[in-house]
Amino acid sequence: MAEEFNFEKALQEALDEKVAWFDSNVMADMLDNYRVLYSAVNNVMGLLLQKGLITPDPYKLDKKISDIVVPEDGEFPENKRSQVMGVRLSDYERVLDFLCNYFKFSAINLTLPRIKKLLGLNNYFQWGGLAVTSKHSNTKALADLLTNIRQGTDTMATGSINGAVSAASRAILDINNGLKASSELQRELYKMEVRKNVIAHSSFTWEKGEAIPDVVQRVKKLFPSTMGRQPFYPELVEEIAQESIGIASIQKQQDLLARLKVTQQTKAKKKVQVNTKTLIMEAVRNLAGMAPQLEGVSMKLRDNSALLQTQYDTPWEKFKRAFRKAFGLKPPVIEYAIPMADAMTKTSTTEKVNFNKSLGEIAKRMNLYEALASRESPTYQKMEAQEEEEIYTFLTKQLAECQQMLLMLLGYDKFFKNEVESPNKAKVKGLTMETTSIKNTMVKTNQRKAEYAAYVEEQKQLKRLGIINEE
């Protein structure tokens, strides 16, 4: 009996210490992460409302909440997406607001049923897997809505969306890790309550080596009168029996105390300093990856244009060329009517472009990106000396211009393949390899830009909440 008493006392002390550590560490981090998630959801909702992609919930102000709830997430007709998603995002935001401002995050208050609800809430939108192919109705619908923004020309909105989704994904991952640890602690707190209220009850007795299933059944009979409305978990009661009267009870007691031991109580959190200027400049340097592709594009465009011009090399054109040469006249402007796709409307229009001007713009962009590749170049150093907001604006402008350039190159590619006549069609040099590489570089650059924006926004939010101080 002395050994059992000592274990009970050591177990209670270990649980008390663990609970105190959880409240000041895991629970505090969980609240911080829910605040980051709340901020990210606010950003997403604001942009969707601004773009008219969702309809505001007309009954939002009439809805009250007093505990954790998971909003409705069933299937809905495609033609109701704007209205349904407007309501669901609003309800989701409302629960997050409750968690951030009214719910008490503590090891005791975060019971197993509440942990289950939070896990359901965290899965309401699968932020780490937002894809239009998702089988999860809410996730698929939200991915569809965000795709409309990403395919548009508003690069600032796209960057904000990507940053918010990235921040939400990281926050959910950290929260779920905290909930997993909280669930393990709650199991032990539950078991301690059973030990105090049922096992220690005057009408309950057990002996070493007693059949575990028999013990579980006797605990179950006494459970309603001693534990009230708490749910009965037979597997946890079985663990109690194994730890107290099982064959390997001594080893199980030692293992349990070892798991509960707080090893980070006095360990100070290491403050990670992130140089935001470095983050945004790395995104800028990433543009240099386009330079070799632009050089290849320029050469192919010249060759394709020369090939096409041979079709127009009639005796009359030869005469005009000789006449201009004799009198020192400038050659005529070469203009091509190329197809230009519109990402928003999914339509294509024909646009007349100055071929030599196009080549000049490509060369200018190529030289700029080559200069940015080296940290030692005057161009890079001049850029680095600017304020971060100016660098961010420059990067946003470059990505927008690159998107237009990419559409132009795709138009040129299609134009030459269609216009060059059959005898010479095999000689047309396609731009697919270069345009694909350019697109990939843009995606990577935009990702780095979004990571920068997400980090800066997260730090601003934490400062507004008083979580971190201004340096």
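Is D413 buried or exposed? Select D413 and look: this residue is buried, with a relative accessible area of 11%. Keep in mind throughout that you have a predicted model on screen.

**Stop 1: D413 and helix 15**

D413 sits in helix 15, which covers residues 388-419. Show everything around D413 and skip the residues up to four places away in sequence; what is left touching D413 is K429, G430, L431 and T432. Now put a distance label between the C-alpha atoms of D413 and N162: the label should read 30 Å, for a pair that is 251 residues apart in sequence. Hold on to N162, which turns up again at a later stop.

**Stop 2: helix 15 against helix 17**

Add helix 17, residues 432-464. The axes of helices 15 and 17 come within 10 Å, and they cross at roughly 160°. That angle makes helix 15 roughly antiparallel to helix 17, the cut-off for that label being over 145 degrees. As for handedness, helix 15 passes helix 17 in a left-handed crossing.

**Stop 3: along helix 17**

Stay on helix 17 and pick out three of its residues, beginning with E434. What does the side chain of E434 make a polar contact with? Draw a dashed line to the side chain of K300, at 3.0 Å. K300 is also among the residues that E434 touches once those up to four places away in sequence are set aside; the others are Q293 and V297. For a residue with a charged-looking name tag, check the surface too: E434 has a relative accessible area of 4%, so it counts as buried.

Next, go to T445, also in helix 17. Its relative accessibility is 0%, so T445 counts as buried. Turn on the contacts of T445 beyond four places in sequence and you get A283, N286, L287, L395 and L399.

Then move to K463, again in helix 17. Here the picture changes: K463 is partly exposed, at a relative accessible area of 34%. If you label the C-alpha distance from K463 to Y92, you get 24 Å, across 371 residues of sequence.

**Stop 4: helix 6 across helix 17**

Bring in helix 6, residues 155-199. How far apart are the axes of helix 6 and helix 17? They are 8 Å apart, and the two helices pack at an angle of about 65°. Helix 6 and helix 17 are therefore roughly perpendicular to each other. The crossing is right-handed.

To see where they meet, show side chains on both helices. On helix 6, select T155, T158, G159, N162, G163 and R170; on helix 17, select N446, K449, A450, A454 and E458. There is N162 again, this time as part of the helix 6 side of the meeting.

**Stop 5: helix 2 and helix 6**

Keep helix 6 and add helix 2, residues 26-50. The angle between this pair is about 150°, with the axes 8 Å apart. Helix 2 and helix 6 are therefore roughly antiparallel to each other. Helix 2 passes helix 6 in a left-handed crossing.

Helix 2 has 25 residues and reaches 36 Å from first C-alpha to last, close to the 36 Å expected at 1.5 Å a residue. Following the helix is G52, with a positive phi near 70°.

Within helix 2, select L31. L31 counts as buried, at 19% relative accessibility; the cut-off is under 20%. Leaving out neighbours within four places in sequence, L31 is in contact with L99, C100 and F105. A C-alpha label from L31 to V19 gives 16 Å, for 12 residues along the chain.

**Stop 6: helix 13**

Finish with helix 13, residues 355-372. This one has 18 residues and spans 26 Å between its first and last C-alpha, close to the 26 Å expected at 1.5 Å a residue. At the start of helix 13, zoom in on N354: a side-chain oxygen there reaches to within 3.1 Å of the backbone nitrogen of N356.

Which residues of helix 13 are buried? Color F355, S358, L359, I362, R365, M366, Y369, A371 and L372. These buried residues pack against helices 10, 11, 14 and 15, along with strands 1 and 2. Helix 15 is on that list, and helix 15 is where D413 started you off.

How values were computed. Residues are numbered from 1 along each chain as its sequence is written. This is a predicted model: local features need pLDDT of at least 70, side-chain atom pairs count only at pLDDT 80 or more; totals for chains, interfaces and linings use all residues. Side-chain values use heavy atoms; hydrogens and water are left out. Helices (H or I, at least four residues) and strands (E, at least two) are DSSP runs, numbered from the N terminus. Buried means under 20% relative accessible area, exposed over 50%, partly exposed in between (1.4 Å probe, protein chains only). Contact means heavy atoms within 4.5 Å. The expected span of a helix is 1.5 Å times one less than its number of residues. A polar contact is a pair of N or O atoms within 3.5 Å; within protein, one must be able to donate a hydrogen and the other to accept it, and residues adjacent in sequence count only if both atoms are side-chain atoms. Axes are lines fitted to C-alpha atoms, for helices over the stretch in contact, and angles run from 0 to 180 degrees between N-to-C directions. Angles under 35 degrees count as roughly parallel, over 145 as roughly antiparallel, 65 to 115 as roughly perpendicular and the rest as oblique. A crossing is left-handed if the near helix is turned anticlockwise from the far one by less than a right angle, and right-handed if clockwise.
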